[in-house]
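Student: Please take a close look with me at a single part of this structure, and then show me how that part connects to what surrounds it. I would like one long, connected answer, with each term explained when it comes up.

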Amino acid sequence: MVAKKRVVKKTVAKKKNRLSKPPIVWQYRVMRFDVLSIFPDIFTSYLQQSLLKLAIERGLVEVHLWDFREFTEDKHQKVDDKPFGGGPGMLLCCQPIFDCVESVQQKSEEPGQLVMLSPQGRRLDHQLVTELAEYDRLVLLCGRYEGFDERIREGLKPLEISAGDFVANGGEVPAMLVIDTVIRMIPGVLGDETSNRYDSFAQSGLLEGPQYTRPREFRGMSVPEVLLSGDHEKIERWRHEQSLQRTRERRGELPANRG
Ligand SMILES: C[S@@+](CC[C@H](N)C(=O)[O-])C[C@H]1O[C@@H](n2cnc3c(N)ncnc32)[C@H](O)[C@@H]1O
């Protein structure tokens, strides 16, 4: 478990008079992400769309972008250099990364969990997303080129997270994946509070079964009769069976499948 418990506070508004019941006001802690990159502009459009945009507007999520170049002591704003011993490409240098991380961590009382996006890290999955969502602040380090000077790992001791067993051009898209998955766990972010409970990998640990919307018929394919029956118990049973079957067929290795 990597997480520090995320606190959800409940406050009861003061009674206006003795006759009326006090309204319950839920206050959610804001989750803060700091993204450190040499290409922070990649996030501009992403932050302005859909659920993330709404979460930011509602004050549930904050995303702060930082450019390593702003922290370099090099007069040409260089943040990378050739690897010792030769080899292709460039590596991100220690000085701008250390200074950027240390400065950004001091910008709030809570230094947060430092995360390095890396193909060599712990693979992102539902369990890790749940653990990350417990933090109040995540500081996401995005690499580029051939990656980071090893002393950045050694000195800053980040939690290394991989988006999967492949190599992306940079850590920005993997960082978006972290933000995108983690915010779904934050109370108030999803319109329907139950909707992440039924998602694949969530409460049941199974894959979600097939879903349908209108029309009832499309190109000779029809919606299963049970979903149109109005019998909620029968529908629940059918959905669970479908979910089990799909998980067995596609992801036999999932623990929920073995239980
Ligand atoms: C081209 S990659 C460098 C890969 C590095 N030379 C290696 O083989 O491990 C540049 C940066 O992209 C990011 N990156 C690439 N693939 C990733 C993955 N699967 N998950 C998370 N970050 C990744 C990392 O931040 C990495 O430092």
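Tutor: Leaving aside residues up to four places away in sequence, Pro-119 touches Ser-162, Phe-166 and Val-167, where touching, or being in contact, means that the C-beta atoms of two residues, placed from the backbone, lie within 7 Å. This is a predicted model, in which local features need pLDDT of at least 70 and side-chain atom pairs count only at pLDDT 80 or more, while totals for chains, interfaces and linings use all residues. Residues are numbered from 1 along each chain as its sequence is written.

Pro-119 lies in strand S7; strands (E, at least two residues) and helices (H or I, at least four) are DSSP runs, numbered from the N terminus. Pro-119 counts as partly exposed because it has 18 C-beta neighbours inside 10 Å, whereas a buried residue has 20 or more other C-beta atoms within that distance of its own and an exposed one has 12 or fewer. The C-alpha atom of Pro-119 is separated by 9.5 Å from that of Pro-174, although the two residues are 55 apart along the chain.

Pro-174 leads us to the ligand, since it is among the residues that come nearest to it, together with Leu-117, Gly-143, Gly-147 and Gly-171. The shell around the ligand holds 20 residues, each with its C-beta atom, placed from the backbone, within 6 Å of the molecule. Strand S7 gives the most to this shell, with four residues. By class, the shell has nine nonpolar, nine polar and two charged residues, where Ala, Val, Leu, Ile, Met, Phe, Trp, Tyr, Cys and Pro count as nonpolar, Asp, Glu, Lys and Arg as charged, and the others, Gly among them, as polar.

Now follow strand S7 sideways. S7 covers residues 113-123 and pairs with S9 in the parallel sense over five bridges; two strands pair if DSSP finds at least two bridges between them. Within this pairing, Arg-122 stands opposite Ile-161 in S9. Both strands belong to an open, parallel sheet of five strands in the order S4-S3-S8-S7-S9. Strand S4 (61-67) and strand S9 (159-162) stand at the edges with a single partner strand each, so one side of each is left without a neighbour in the sheet. Neighbouring strands of this sheet are turned by 30 degrees against each other on average, direction ignored, the angle being taken between lines fitted to C-alpha atoms.

Further along the sheet we reach S3, which is largely enclosed by the rest of the structure because six of its seven residues are buried. S3 runs parallel to S4, with seven bridges joining them, and here Phe-33 stands opposite Val-63 in S4. S3 also runs parallel to S8, to which five bridges join it, and the bridge partner of Asp-34 in S8 is Val-139.

These strands also help to build the largest nonpolar core, which has 41 residues; such a core is a set of buried Ala, Val, Leu, Ile, Met, Phe, Trp, Tyr and Cys residues joined through C-beta atoms within 7 Å. The elements that give two or more residues to this core include strand S3 (31-37), S7, strand S8 (137-141) and helix H6 (172-183). H6 gives the most, with six residues. Leu-140 is one of the residues with the most contacts inside the core, as are Leu-36, Val-115 and Leu-141. Not counting residues up to four places away in sequence, Leu-140 touches Phe-33, Asp-34, Val-35, Leu-36, Val-115, Leu-117, Ala-175 and Val-178. Leu-117 therefore appears twice in our picture, since it touches Leu-140 and is also among the residues that come nearest to the ligand.

One backbone detail follows strand S8. Most residues other than glycine have a negative phi. Tyr-145, however, has a positive phi of about 55 degrees although it is not a glycine, and it is found in the loop between S8 and helix H5 (150-156). Tyr-145 is partly exposed, with 17 other C-beta atoms within 10 Å.

Finally, consider the whole protein, which has eight helices and 11 strands. Of its 259 residues, 23% count as buried. Among its contacts between residues at least 6 apart in sequence, 72% join residues at least 24 apart.

Note on methods: Axes are lines fitted to C-alpha atoms, for helices over the stretch in contact, and angles run from 0 to 180 degrees between N-to-C directions.
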